[in-house]
Amino acid sequence: MVITGFLGDTFAASRLLKFSTDSLFVPIAHSHRIFIHVRGPNGFICNTMMRAHVRRNRPEQALLVYTLMRDGDVAADTYTYPILLQSCSQRLAEVEGKLIHGQVIKVGFDSDVYVGNTLINMYAVCGCLGDARKVFDESCALDSVSWNSMLAGYEQNEMYDEALRKFKEMVVDGVLVDEVVLITVLSACTHLVVGMTGQLIHALAIKAGIELYINLQNALIHMYLRCGEVEKARSLFDSMPQRDTVSWSVLISGYAQRDRFADALALFQNMQLEGIQPDETILVSVISACTHLSALDQGAWIHAYIRKKQMKVNVILGTTLIDMYMKFGSVPNAMEVFRAMEEKGVSTWNALILGLAMNGFVKESLATFSEMKECSIVPNEITFLAVLGACRHMGLVEEGRRHFDAMSRKHGIEPTIKHYGCMVDLLGRAGKLTEAEELIANMPVPPDVSTWGALLGACKKHGDNVMGERVGRKLVDLQPEHDGFHVLLSNIYASKGSWDNVHEIRGMMRQHGVIKTPGCSMIEVKGTIHEFLAGDKTHPQSEDIEKMLDDMAKKLKMEGYAPDTREVLLDIDEEDKETTLFRHSEKIAIAFGLLTIDAPTPIRIMKNLRICNDCHMAAKLISRAYDREIVVRDRHRFHHFKQGSCSCLDYW
């Protein structure tokens, strides 16, 4: 066309440019070169080039084309100004948008509904709701897009009540609503958690005959979930004639967010049966559900699925996988995910630092923190919680102090109550109880019950009954419904034989309706989660478990095991105490694991409370007697038992 001169023909040039800009495989720079070679471009050609720049996220280039257009005396039309206003919206260029608004008024295009709608949208996106409302109110021609632009503006700027008021005004005025308007209004209902209003909008959608639009149904499911109407959300999902990935994602994510992890996994399995490929959001929710349900086999299967499908593991998905593996004690798998990630965010490093510390790899955890800084990743509050946690797990008091001081001095991060709580716990575990109490007294923020609780636990550990009683009484007064504080204080009294005080505390628990959380251990075998309570005999294989417990008792005695009856803080004889100890939930779970999990697969157990001294000693000896690796995750950390030793080095 250049050689033949056809590029000089306006119609031919406009067709070539239109084809070039519509074809995504043609670089935008090439299209711009065609535009430059056109002699005497008309308004259509200029609009085509400007629209292409806006679509390819080059809004500043659209304004340059407009400048060339004005210099060449090419007349703008009602398509030109909406494109320019869209370019201003993309760049949040309020000042330029107002200048273009002035041009619109000057040429008399302010009465055009399309131009008016893009003006409303531009002002709303730039956060100028007053200007947007002024354009809306002064417009002589409004359509459903005008109303939705105004409604979306209130959404976008977190003015949800205003959005609902505007919608009511729209309904009163008899304006026809479409699914786009209803989706916008449902978003406001979701943020305000107003389920009743959401139900009215659902009824309006049915009345208007638009309730079957898939995007609208997805918005309704999300609204019902957010407002706690889980069964209504599920009922709507089940009744949908067609579902897309978003439909599955909304419900699975909703289940996970409401702690209905088993339902999230079951729905994911249904999704697989229907041949729907999950997206990143679904996978993150399902991996989270596996983590909470202690379902390592299913979590590992999902990771294998991601690899099989060659899905890109981005920061969020990769971090979730690392978190899952770390919380299962599968450190090598977590490290493998970390090394394979092309992009790592600060959350990724945080998950690794915290996970390594929880699993007893404190040296590696602190080395990872140093590597993070070398990679120019700026640490945040959570990073320092992980680092202080690492120091706490191994009693590194001086290193913990150094990092705590560096937070504000080097990194400009003011310690929060959680950071102070970590320091109190670090000092307390190391036996520096007076210093820990002084830190609480001098904190710039009021101490919370968790901070006092850390000190109480340290008093119990180091046998400081005087301070323990004082702190325990304070905590019981502060939070009378907390079972753990009552139990710790009761245990302090029991350890020194003050049974009258023990009975008093337990009487207080009954008075306030406080029930001690029972010890519970979970173990996954062949994809099924088995749960055991202390003294549990309800499992279908309880007879086999009892036989294995007897076998364990014999082998433990041969290993030199002597029950630590100090853990049984009841006024009963020693023989009964030994029997009670050997029916702790983690010992039952270990017995079941020895029966059902073949070597060399580790026996992995999740415990809801801190593992007691006796169970810790027993697990070490069992790992040696049976030549098995046992991994126990208690309330605070992991314990990797192998050949008679533990990764915590008996410091927990």
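Two residues are taken to be in contact when heavy atoms of each lie within 4.5 Å. In the predicted model described here, residues 24 or more positions apart account for 63% of the contacts with a separation of 6 or more. The secondary structure consists of 34 helices and 6 strands. The C-alpha trace spans about 100 × 55 × 55 Å along its principal axes. The radius of gyration is 33 Å, whereas a compact globule of 652 residues would have a value near 26 Å. Of the 652 residues, 48% are buried.

The UniProt record, an unreviewed entry, carries the annotation "repeat: PPR" for residues 42-76, 143-177, 244-278 and 345-379. Two of these spans were examined in the model. Residues 143-177 are 74% helix and 0% strand, with the end C-alpha atoms 10 Å apart. For residues 345-379, the helix content is 74% and the strand content 0%, and the end C-alpha atoms again lie 10 Å apart.

Helix H8, residues 129-138, illustrates how a helix is placed among its neighbours in the model. Its buried residues include Leu129, Ala132, Val135 and Phe136. Viewed down the axis of H8, the buried residues fall within an arc of 125 degrees, and they therefore line one face of the helix. The exposed residues Gly130 and Glu138 are carried on the face of H8 turned away from the buried side. The cover over the buried residues of H8 includes helices H6 (94-107), H7 (113-125), H9 (144-156) and H10 (160-172).

The largest nonpolar core holds 149 residues, of which Phe167, Ile221, Ile322 and Leu455 touch the most other members. With neighbours within four places in sequence left aside, isoleucine 322 is in contact with Ala334, Val337, Phe338, Met341, Thr348, Ala351 and Leu352. Another core, of 33 residues, lies apart from the largest one; Ile545, Leu549, Val632 and Cys646 are among its members.

Strands E4, E5 and E6 were considered next. E4 (630-633) and E5 (638-642) pair in the antiparallel sense over 4 bridges. They form a hairpin with 4 residues between them. Arginine 633 has phenylalanine 638 in E5 as its bridge partner. E5 is mostly covered, 4 of its 5 residues being buried. A further antiparallel pairing, over 2 bridges, joins E5 to strand E6, residues 645-646. Here phenylalanine 641 stands opposite cysteine 646 in E6. E5 and E6 likewise form a hairpin, with 2 residues between them. In the turn of this hairpin, glutamine 643 has a positive phi of about 50 degrees.

The loop between E4 and E5 contains arginine 635. Arginine 635 has a relative accessibility of 56% and so counts as exposed, the cut-off for that class being over 50%. Apart from neighbours within four places in sequence, arginine 635 is in contact with Lys607, Asn608, Leu609 and Arg610. Histidine 32 lies 603 residues from arginine 635 along the chain, and the C-alpha atoms of the two residues are separated by 62 Å.

How values were computed: Residues numbered from 1 in each chain as written. Predicted model: local features only at pLDDT ≥ 70, side-chain atom pairs only at ≥ 80, totals over all residues. Heavy atoms only, no water. UniProt positions renumbered as here; feature names shortened; annotations may be inferred. Buried < 20%, exposed > 50% of the residue type's maximum accessible area, 1.4 Å probe, protein only. Core = buried A, V, L, I, M, F, W, Y, C linked by side-chain atoms within 4.5 Å. Arc of directions from axis to C-beta. Pairing = 2+ DSSP bridges. Rg over C-alpha atoms; globule rule 2.2 N^0.38 Å.
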